[in-house]
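Student: Hey, got a minute to walk through a model with me? I'd like to go over a strand and a helix.

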Number of protein chains: 2
Amino acid sequence: MKFNRITIIGVGLIGGSIGLAVKKRRIAKEVVGVFRRNSTMKKALTKRAVDRATMNIREGVKGADIIIIASPVYSIPSLVHEAMRYAKEGAIITDVGSTKSWIMEEAARLKKPKNSISFVGSHPMAGSEHAGVEFAKYDLLEGSPCIVIKSKDTGGKALSKISGFWKSLGARVSVMTSREHDRAIALVSHLPHVVAFSLVSSVPLNILKYAAEGFKDTTRVASSDPKLWADIFLSNRKEVLKSARAFEASYKALVKALSAGSYRGVAKILGRAKRKRDKFIYGKAA
Amino acid sequence: MKFNRITIIGVGLIGGSIGLAVKKRRIAKEVVGVFRRNSTMKKALTKRAVDRATMNIREGVKGADIIIIASPVYSIPSLVHEAMRYAKEGAIITDVGSTKSWIMEEAARLKKPKNSISFVGSHPMAGSEHAGVEFAKYDLLEGSPCIVIKSKDTGGKALSKISGFWKSLGARVSVMTSREHDRAIALVSHLPHVVAFSLVSSVPLNILKYAAEGFKDTTRVASSDPKLWADIFLSNRKEVLKSARAFEASYKALVKALSAGSYRGVAKILGRAKRKRDKFIYGKAA
């Protein structure tokens, strides 16, 4: 066992999947879950996503080597703050929030009660449109990208420990600054959500009955939690708006070629996009 | 057996899946495939998607009760024309093209050699981003929507025979005019393709490595055949552009709320979209 105790604050889809993976891969002797709601606590225990459950953060955090905050973005800084108060010497706190600059800035403002405690921001890029521990699975992180944030406040040892932790769960770890993260993630995650929600908004319900697999997949993420995503969009507003401008440029070029009735123009744009996607998915242009 | 012989012209993903379904469900005594390429013919025979294969359209069409043209949109009218020349008395020709007004108009111009031969336009809405008979599967059409086109030239008997044929393969059949079809399909199929191709275009390749399942699903259809889709977009240009305007309105409303930093505004738009999608997918607001 690599760790004695790992505590997860917020045991939903992601937190629960981390718990299941830590237990499956025997990475810690004990996984403790900290809950806000009794009903979620019961579900998590039934699912064996955690070994021990509590609604008291002080009790949950006590003696943990790693503390993972897996709650909605806006709640993360204050939970980091609380966790720090009760964490043991040398404990490392991390999170799973989808935007990082805002969280890192807020966390940097916190006064640490013990100097040996570190906060390292993380973003394991796994999930689904479903929320809740009932959808958690032990292999959710396997093979998914996970970004770990380096900052001037992050010690090298804590950084490599957290990177190692995510790798031990099967994630593909990249280290970058919070700014690099927010820019990249705005493009590959936040923008697709903006587009998918807009796509659903633009089709009347009585027409949706003719939708097939293509529409379902293109809009899958639009079944995600609206509050969670409003929160993510707003906490990374500048980069999301920048990505939106990049999207508008591509979209307008395609619509323009189509308006002009240019088969060659349209086919060229589609061909370039297909080759790029195939290269990313299959590692080659198919 | 409902039919003696069914002929499929163009045995790719859709044509091959129709062949497999007809055989699996014992709907016709014989399935004949008409091919342009030797390599595809071999693959289709290996896969047993057809009982008999030919590269000669005259030979393939001979004696068929139903002739299904499952080739790219632009090639359909001329193949309808050729099929009519060799079809037997009372034969019904149908197609699987993704746009219908253009095909129906072209088909209406054809002079039938025999009055008892009918053409009924169809659009089974199944498929995937993969092309080719190697991806064909017998259950591709099961539970998918299939639109059958009524027009002033379509006889009621032929219409109900073709509707019955698709139903017998497990599809959920709706009957409508080609105009209604093209409007609905522009929204639920063509527009998601426009958006997905544009989304891929807007993300640099070196950033794509951070993309996870959300991005993959949202852009899955952007791995579709660019020529096939350029063709579809252009053959339904007016309706695709109209759908694009509907999308732009929804998209702009969301971007505007985000620019304004309005959590309530953003959450409201996302919530409405999620409820609509969930209603469509799960039959209720989840």
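Tutor: Sure, let's take a strand in one chain and then a helix in the other, bearing in mind that this is a predicted model.

Student: Okay, strand S4 of chain B, residues 66-69: which residues are buried on each side?

Tutor: On one side you've got B:Ile66 and B:Ile68, and on the other B:Ile67 and B:Ile69, so both faces of the strand are covered. In a regular strand, side chains alternate between the two faces of the sheet.

Student: And which way does strand S1 of chain B run against S4(B)?

Tutor: Parallel, with 4 bridges joining S1(B), residues 3-9, to S4(B). One pairing there is B:Ile6 with B:Ile66.

Student: What does B:Ile66 stand opposite in S5(B)?

Tutor: That's B:Ile92. S4(B) and S5(B), residues 92-95, also pair in the parallel sense, over 4 bridges. Put helix H4 of chain B, residues 76-86, together with those two strands and you have a right-handed β-α-β unit.

Student: Switching to chain A. How many residues of helix H10 are buried?

Tutor: 7 of the 10 in H10(A), residues 226-235, so the helix is largely enclosed by the rest of the structure. Among them are A:Trp229, A:Ile232 and A:Phe233.

Student: What do they pack against?

Tutor: Helices from both chains: the buried residues of H10(A) contact H5, H7 and H11 of chain A, plus H11 and H12 of chain B.

Student: Which residue caps the N-terminal end of H10(A)?

Tutor: A:Asp225, with a side-chain oxygen 3.0 Å from the backbone nitrogen of A:Lys227.

Definitions and conventions. Residues numbered from 1 in each chain as written. Chains lettered and ligands numbered in written order. Predicted model: local features only at pLDDT ≥ 70, side-chain atom pairs only at ≥ 80, totals over all residues. Heavy atoms only, no water. Buried < 20%, exposed > 50% of the residue type's maximum accessible area, 1.4 Å probe, protein only. Pairing = 2+ DSSP bridges. Right-handed = clockwise from strand over helix to strand, strands pointing away. Contact = heavy atoms within 4.5 Å. Polar contact = N/O pair within 3.5 Å; in protein donor to acceptor, adjacent residues only side chain to side chain.
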